[in-house]
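Colleague: Please take one part of this model and go through it closely, with the cut-offs stated, before setting it in its surroundings.

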Protein chains: 2
Amino acid sequence: MPFELTILGSSSAIPTFERYPTAQVLNVLERFFLIDCGEGTQIQLRKLKIKIGRINHIFISHLHGDHYFGLVGLISTMSLLGYKNDIHIYSHSELKTLINGQLEYMKGELEFAVIFHPLNMKKPQVLFEDEKVVVSSFPVKHSIPTCGFLFREKQNLPNIKKEMIEKHRIPIKNIQAIKEGADFKTESGEIILHKNLTTPPKKPRSYAFCTDTSYYEPIIESVKDVDLLYHESTFLNDKKTLATKTLHSTAEQAATIAKKANVKQLLIGHFSNRYKTLDGFLTEARNVFPETYLATDGKKYKVKPV
Amino acid sequence: MPFELTILGSSSAIPTFERYPTAQVLNVLERFFLIDCGEGTQIQLRKLKIKIGRINHIFISHLHGDHYFGLVGLISTMSLLGYKNDIHIYSHSELKTLINGQLEYMKGELEFAVIFHPLNMKKPQVLFEDEKVVVSSFPVKHSIPTCGFLFREKQNLPNIKKEMIEKHRIPIKNIQAIKEGADFKTESGEIILHKNLTTPPKKPRSYAFCTDTSYYEPIIESVKDVDLLYHESTFLNDKKTLATKTLHSTAEQAATIAKKANVKQLLIGHFSNRYKTLDGFLTEARNVFPETYLATDGKKYKVKPV
């Protein structure tokens with residue numbers, strides 16, 4: 001079952017020839033979550049053949065334009081394409097004020113509701129939950145209120161060994177109870193222990209998204225042990241003072257967060273357009289955290305089970 | 001001196017893999033006019049290496065999102081790049097209400113003013129005029145109030161024949177008066193007539209922009225004799241009923257306007273994404289008006305002096 005991130009845009013505020021502003025799609029078990037929605041997101045979605053109609057939940061980290069200016073265009077296209085599923089937007093409460101006029105002015109009536117869910121910008125919060133997946137937000141530190149997002153699979157139940165079902169003639173009606181921890185009593189009265197009937201489930205996978213943010217140690221606790229961390233890296237270390245001043249991070253700082261949080265892999269992005277090549281980012285981050293990769297527009301990143 | 005149109009986007013409301021929503025840049029004698037500003041306009045400008053800082057006048061035909069959703073992103077980038085020249089936006093008065101919240105929310109203070117000039121949606125109006133160029137608007141017919149735009153060079157003065165300056169020893173101080181119609185009296189008292197001293201000036205060039213609009217005969221008068229007409233052609237004639245219903249035009253209708261208005265060349269665009277190739281548009285339009293061309297994203301079209 002997929003747990004896969006697609007980068008739609010990896011640029012910082014000013015888009016470049018190769019990089020759109022921030023937007024990502026995360027496919028968690030066929031749920032398609034859109035994370036930020038910079039200008040051109042709908043164009044990237046179509047280029048990458050990601051079905052716009054599969055997106056019903058949109059998470060906006062903060063209200064700088066490069067993270068949400070693509071939203072009204074996307075919603076407009078969803079409407080023109082005749083979609084009918086409601087859209088849930090998780091963002092700072094102010095977003096509704098900023099774009100509602102444009103939504104209301106749209107041609108024809110939207111045949112779906114756009115439901116705004118205000119983020120708690122000060123403490124962690126569960127935003128979405130179903131039987132398989134939990135999405136939550138947590139504060140990061142930027143020049144305006146900003147949240148990171150955490151996407152987790154829920155812990156699966158153990159798997160029953162196929163050969164034990166046959167050997168002990170376990171009826172289907174008992175399967176769920178055994179998965180949930182029960183032992184099994186055979187026809188002859190023998191008790192087979194739960195632990196002998198099952199194999200442990202796969203470890204749930206997780207992804208965390210942190211942009212825009214300065215180097216901010218409370219993030220470490222929020223993203224502890226995740227399989228993949230996206231952390232902004234607007235600058236290299238030679239612009240550390242500028243990073244501090246603008247509340248952005250350097251590649252080294254992103255890698256330091258990844259290391260201290262014991263994540264499996266780090267993806268860096270939100271690169272300033274002042275850098276003509278990105279080699280320096282990779283070198284600087286890998287000095288601290290070797291499992292670092294560059295976010296590239298259009299590229300997919302699988303979150304692998306451990 | 002240039003009179004050149006660059007197509008940034010030629011799609012109708014839903015962008016495609018190859019086509020952005022409507023936006024164009026017209027360079028008239030080094031004045032850069034932006035006409036409509038669909039989502040992704042700033043990305044196209046950067047791709048095509050058109051200097052964003054050269055654009056100070058933006059003309060928005062109407063308030064469907066595919067014609068203005070790129071505006072706040074463009075203004076935001078102008079601000080981030082440190083531009084200081086005021087931006088003049090000519091549009092329906094409602095635009096200010098729709099985007100002002102986003103402009104005010106932008107990071108930092110804009111170091112330039114964004115000045116909104118409300119269009120008269122009911123009758124022709126001069127919007128911009130300097131010593132060389134006049135820009136005006138005129139109503140077209142769509143589902144919401146919409147204007148076309150007309151860009152004209154002013155009539156140049158005649159050119160003085162170089163050989164006559166030498167032959168009759170015409171002093172520099174007399175040149176302007178002769179250009180403006182005066183005869184010249186030589187040292188020996190001979191009167192040389194204006195018409196013998198000059199060659200006629202080049203004919204002023206002109207460009208007209210009409211989208212979105214249904215087939216609307218009053219347009220003919222507004223765009224009479226222009227060198228280049230851009231007229232929308234959302235559909236082919238097999239969807240004429242749909243064109244009428246949605247207040248768009250077919251290729252044949254665009255060509256009919258071009259023919260009746262006696263324009264030199266016709267450029268068609270705003271193609272519906274339902275068409276996989278555009279050959280049909282060219283064939284249908286050229287049957288009526290042979291000098292028809294397809295608008296293509298990224299392509300430049302020179303308006304030639306006749």
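Modeller: The answer below starts with one pair of helices and then moves outward.

This is a predicted model, in which local features need pLDDT of at least 70 and side-chain atom pairs count only at pLDDT 80 or more, while totals for chains, interfaces and linings use all residues. Residues are numbered from 1 along each chain as its sequence is written, chains are lettered from A and ligands numbered from 1 in the order in which they are written, and side-chain values use heavy atoms, with hydrogens and water left out.

The pair is helix α9 (residues 251-260) and helix α10 (residues 279-288) of chain B, which pack at an angle of about 30° with their axes 8 Å apart. Here helices (H or I, at least four residues) and strands (E, at least two) are DSSP runs numbered from the N terminus, and the axes are lines fitted to C-alpha atoms, for helices over the stretch in contact, with angles from 0 to 180 degrees between N-to-C directions. From α9(B), the residues B:A251, B:E252, B:A255, B:T256 and B:K259 meet B:F281, B:E284, B:A285 and B:V288 of α10(B), where contact means heavy atoms within 4.5 Å. This contact is made of 5 nonpolar, 1 polar and 3 charged residues, with Ala, Val, Leu, Ile, Met, Phe, Trp, Tyr, Cys and Pro counted as nonpolar, Asp, Glu, Lys and Arg as charged, and the others, Gly among them, as polar.

Between α9 and β16 (265-269) of chain B runs a loop that holds B:N262, a residue with a positive phi of about 60° although it is not a glycine. At 45% relative accessibility B:N262 counts as partly exposed, which is the class between buried (under 20% relative accessible area) and exposed (over 50%), using a 1.4 Å probe and protein chains only. A:K49 likewise has a positive phi, of about 55°, without being a glycine; it sits in the loop between α1 (41-47) and β4 (55-59) of chain A and, at 65% relative accessibility, counts as exposed. Most residues other than glycine have a negative phi, and most peptide bonds are trans. The bond from B:T211 to B:D212 is cis, with omega near -10°, and the one from A:T211 to A:D212 is cis too, with omega near -5°. B:D212 is in the loop between β14 (206-210) and α7 (218-222) of chain B.

In the interior, A:I89 and B:I89 touch the most other members of the largest nonpolar core, which has 61 residues; such a core is a set of buried Ala, Val, Leu, Ile, Met, Phe, Trp, Tyr and Cys residues joined through side-chain atoms within 4.5 Å. Beyond four places in sequence, the contacts of B:I89 include B:I58, B:L71 and B:F116. In chain A, A:S91 belongs to strand β5 (residues 87-91) and is buried, with a relative accessible area of 2%.

As for the two chains, chain A can be laid on chain B with an RMSD of 0.1 Å by a turn of 180° and a shift of 0.0 Å along the axis, the superposition being by least squares on the C-alpha atoms of residues with pLDDT of at least 70 in both copies. That is the relation of a two-fold axis, and in chain A the C-alpha nearest the axis is that of A:G40, 2.7 Å from it. Because 100% of the interface residues of chain A are also interface residues in chain B, the copies meet through the same surface.
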